[in-house]
Amino acid sequence: MAVMTYLEAGRRALEEEMRRDPRVWALGEDLGRGGVFGQYKGLQETFGPARIVDTPISEAAIMGAAVGAAMVGTRPVVEMRFADFALCAVDELVNQAAKARYMFGGQGRVPLVVRQPSGMWRSSAAQHSQSLEAWYAHIPGLVVVCPATPADNHGLLAAAIRCDDPVVYMEHKDLWGLEGEVPEGAEPTALGKARRVRAGGDITIVTWSKMVHVAAEAAAMLERDGIAADLIDLRTIWPWDREMVLGSAGTTRRCLVVHEAVQAGGFGAEIAATVAEELGVKVKRLGAPRLPVPYAPPLEEACKIAPERIVAAAREML
Amino acid sequence: MTRPNFDAARMLGHYRTMSRIRAFEEAAEAGQKSGEVRGAVHLSIGQEAIASGVCVNLAAADYIVSTHRGHGHSIAKGADVGAMMAELYGKAGGTCRGKGGSMHIADFTIGMLGANGVVGAGIPIAAGAAHAVKLRGGGEVVVCFFGDGAMNRGPFLEGLNWARIYDLPILFVCEDNGFAATTRTRSLSGGRGPDARAESLGIPAMEIDGNDVQLVDETASGLLSAIRAGGGPRFLLCRTYRLKGHTAHDTAPYRPASEVEERRRHDPILKCREALLLHGVPAAELERVEAEAKAEVGSAVETARRMPWPDQSIAWEDVQDVGAAQWR
């Protein structure tokens with residue numbers, strides 16, 4: 001067990017996977033100097049410029065080339081710099097990567113990981129702050145992963161790289177510096193399996209990515225009032241762990257879903273609808289207002305969900 | 001006039017390949033008219049010399065990436081005509097088990113990495129396949145086919161630049177049939193054309209008559225040799241003409257009949273036939289080749305008609321490995 005940051009955990013996972021499998025390589029802008037956040041620091045020195053590839057600012061070509069390279073037997077890790085920039089490569093991801101195996105009748109695989117740093121961070125404003133996991137969860141063929149902890153950024157990135165499906169991998173920019181224990185030499189974390197952050201029988205709270213930490217604060221506040229939340233970190237958005245969520249909500253009879261993304265049309269709606277359909281229990285969603293993320297700190301705050309709001313929403317449901 | 005370097009056997013091979021493509025396209029068109037072939041079908045009638053002339057220079061291990069107008073490329077690369085026709089008919093024995101149709105024909109066993117329903121989308125995919133070849137130190141080359149309409153899409157710029165900066169083993173083949181869907185490409189395109197754009201990115205480019213199969217063959221052979229020798233990407237602009245509409249349903253009223261009649265005189269199969277006759281190949285031999293092509297395709301149609309539909313259960317197969325239980 002070693003303590004490291006969320007950023008370092010991801011860097012280490014890639015390094016280990018590249019050592020393990022010579023077919024793995026990474027491509028994206030500025031990777032040679034460590035990537036925009038330092039997630040690739042030192043890797044080009046270790047693996048050389050042919051496996052840690054500096055690319056032009058050509059998102060469509062980065063994604064498209066990864067699709068072609070994956071089809072012929074390599075395992076590219078694509079860096080999109082910001083999830084927002086991946087929108088320049090939506091055809092390559094949605095029409096090509098996600099569908100190639102299916103529309104070619106099962107010929108070939110597209111084993112690639114597209115890393116899309118997401119979320120609100122340091123007043124990055126409307127084009128550098130989005131959380132778009134629901135978009136990709138909507139696309140058959142894609143796996144969508146949103147790690148919340150250093151251990152998961154290590155274990156889930158390793159799993160994503162070993163996965164034969166195209167994986168949209170959304171690290172949260174505001175978690176880069178988060179420290180935590182990361183097991184050494186562990187097997188990759190299973191995709192599609194949620195994590196119970198804390199157990200409780202009064203209300204189920206389902207969340208992912210940075211909101212796991214905000215919801216944990218809320219759960220601690222609720223506990224002081226004698227309310228025990230069953231807090232679930234979904235980890236993988238598609239496929240999502242229906243078994244754990246339905247099991248929990250079946251017991252607590254209340255399910256609150258919290259995410260940083262815009263609430264309207266967000267993935268919380270899918271979970272809430274499923275829980276309501278399957279169990280007929282009380283459901284509620286908490287997400288951002290349907291606004292482009294604004295710049296000034298007090299305006300950005302208006303888009304964020306504070307622990308107090310989670311507490312208030314939970315109380316309404318009890 | 002006889003041609004230098006005329007190789008009658010090789011040209012007869014082209015005549016055979018082009019006749020098979022033509023027969024396939026005519027059957028696809030008939031199938032669309034009868035309603036048995038669904039979806040959109042884009043015919044390459046009039047453009048066969050490019051597929052045949054380029055692909056004859058490829059080994060089985062080499063890769064091609066194709067377009068929505070891709071039947072000819074697949075046939076020339078060696079795809080099974082019966083499986084292709086079954087795919088158009090949406091049947092279980094199709095190249096893609098009936099899940100793709102005309103626009104998504106692929107045959108990975110012969111290095112055919114897929115047609116594509118999105119114009120220009122194959123360009124970065126092909127560059128990526130070439131990138132992987134280089135990464136693993138392989139000797140294969142990649143041929144990327146696309147039409148003139150693709151030159152105005154961003155992936156054209158991004159993909160060509162990519163191939164240049166990483167010095168990839170790839171031949172870009174632009175089939176310039178004059179039309180971007182149903183509008184003349186020239187009226188929508190700035191500058192001197194796709195070859196000039198390629199050259200501006202540092203990729204050596206050539207422009208040739210794409211209806212002259214011997215010329216396409218010889219030119220592609222030279223370019224592919226240079227690529228195989230480590231010369232990096234090359235660009236081949238083939239001027240041609242789409243004798244049919246954009247889709248099989250498009251009667252192309254946007255161009256005068258006289259223009260089509262004039263271009264019909266430059267039909268690549270006709271030109272190949274004339275050259276073969278001039279060099280002493282008997283007409284009966286050519287007729288035999290044509291008859292065989294028609295018989296092969298006719299039998300493919302009959303087989304496709306009789307073949308069962310895919311079992312509905314396969315709709316749920318091959319979506320993804322992770323989360324298989326949640327596809328519904």
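Where in chain A is the place of Asp30(A)? Let me begin there, since a single residue is an easy way into a structure that is new to you. Asp30(A) sits in the loop between S2 and helix H2 (43-47) of chain A, and although Asp30(A) is not a glycine, its phi is positive, at about 65°. With 15 other C-beta atoms within 10 Å, Asp30(A) is partly exposed. Please keep in mind throughout that this is a predicted model.

A few residues back along the chain, Asp21(A) is in the loop between helix H1 (6-20) and strand S2 (24-28) of chain A. Asp21(A) counts as partly exposed, because 13 C-beta neighbours lie inside 10 Å. To give a sense of distance, Asp21(A) and Phe82(A) are 61 residues apart in sequence, and their C-alpha atoms are 26 Å apart in space.

Now to the overall layout of chain A, which is divided into domain 1 (2-182) and domain 2 (195-317). Taken over C-alpha atoms, the centres of these two domains of chain A are separated by 26 Å, and 24 residues of domain 1 are in contact with 24 residues of domain 2. On the domain 1 side, the elements that give two or more residues to this contact are helix H6 (133-137), strand S6 (143-145) and helix H7 (150-162) of chain A. The residues on that side of domain 1 divide into 15 nonpolar, 6 polar and 3 charged.

Gly192(A) lies in the loop between strand S8 (179-182) and strand S9 (195-198) of chain A. Is Gly192(A) buried or exposed? Gly192(A) is buried, because 22 other C-beta atoms lie within 10 Å and 20 are enough for that label. Not counting residues up to four places away in sequence, Gly192(A) touches Thr236(A), Pro239(A) and Asp241(A), and also Val322(B) and Gly323(B) of the other chain. One of those partners deserves a word of its own, since the peptide bond from Trp238(A) to Pro239(A) is cis, with omega near 0°, and Pro239(A) lies in the loop between strand S12 (236-238) and helix H9 (242-252) of chain A.

Staying in chain A, I would like you to look at helix H12 (residues 307-317), in which Ile310(A), Val311(A) and Ala314(A) are buried. These three cover an arc of only 100° around the axis, which means that they are on the same side of H12(A). As a reminder, an α-helix has 3.6 residues a turn, so residues three or four places apart point the same way. The face of H12(A) turned away from the buried side carries the exposed residues Glu308(A), Ala312(A), Arg315(A) and Glu316(A). And what do the buried residues of H12(A) pack against? Their partners are strand S10 (203-207), helix H8 (211-224), strand S11 (229-233), strand S13 (254-262) and strand S14 (282-288) of chain A.

Turning to chain B, its secondary structure comes to 11 helices and 7 strands. The radius of gyration of chain B is 20 Å, close to the 20 Å that the globule rule gives for 328 residues, so chain B is as compact as a globular protein of that length. Its C-alpha atoms fill a box of roughly 60 × 50 × 40 Å along the principal axes, and buried residues make up 55% of the chain. Among contacts in chain B between residues at least 6 apart in sequence, 76% join residues at least 24 apart. Near the end of our tour of this chain comes Asp318(B), in the segment after helix H11 (283-306) of chain B, with a positive phi near 65° in a residue other than glycine; with 21 C-beta neighbours inside 10 Å, Asp318(B) counts as buried.

How do the two chains meet? 39 residues of chain A are in contact with 38 residues of chain B, and the largest share of the chain A side, 9 residues, comes from H3(A). That side of chain A divides into 21 nonpolar, 13 polar and 5 charged residues.

Finally, the largest nonpolar core has 198 residues, and those with the most contacts inside it are Ala129(B), Val142(B), Cys144(B), Ile170(B) and Val173(B). Its largest share, 10 residues, comes from helix H3 (residues 59-71) of chain A. Both domain 1 (2-182) and domain 2 (195-317) of chain A give residues to this core, so the core lies between them. Leaving aside neighbours within four places in sequence, Val173(B) is in contact with residues including Ile50(B), Val54(B), Phe145(B) and Leu236(B).

Conventions:
Residues numbered from 1 in each chain as written. Chains lettered and ligands numbered in written order. Predicted model: local features only at pLDDT ≥ 70, side-chain atom pairs only at ≥ 80, totals over all residues. Domains from an automatic or database assignment. Contact = placed C-beta atoms within 7 Å. Helix = DSSP H or I, 4+ residues; strand = E, 2+ residues; numbered from the N terminus. Nonpolar A, V, L, I, M, F, W, Y, C, P; charged D, E, K, R; others polar. Rg over C-alpha atoms; globule rule 2.2 N^0.38 Å. Buried ≥ 20, exposed ≤ 12 C-beta atoms within 10 Å, placed from the backbone. Core = buried A, V, L, I, M, F, W, Y, C linked by C-beta atoms within 7 Å. Arc of directions from axis to C-beta.
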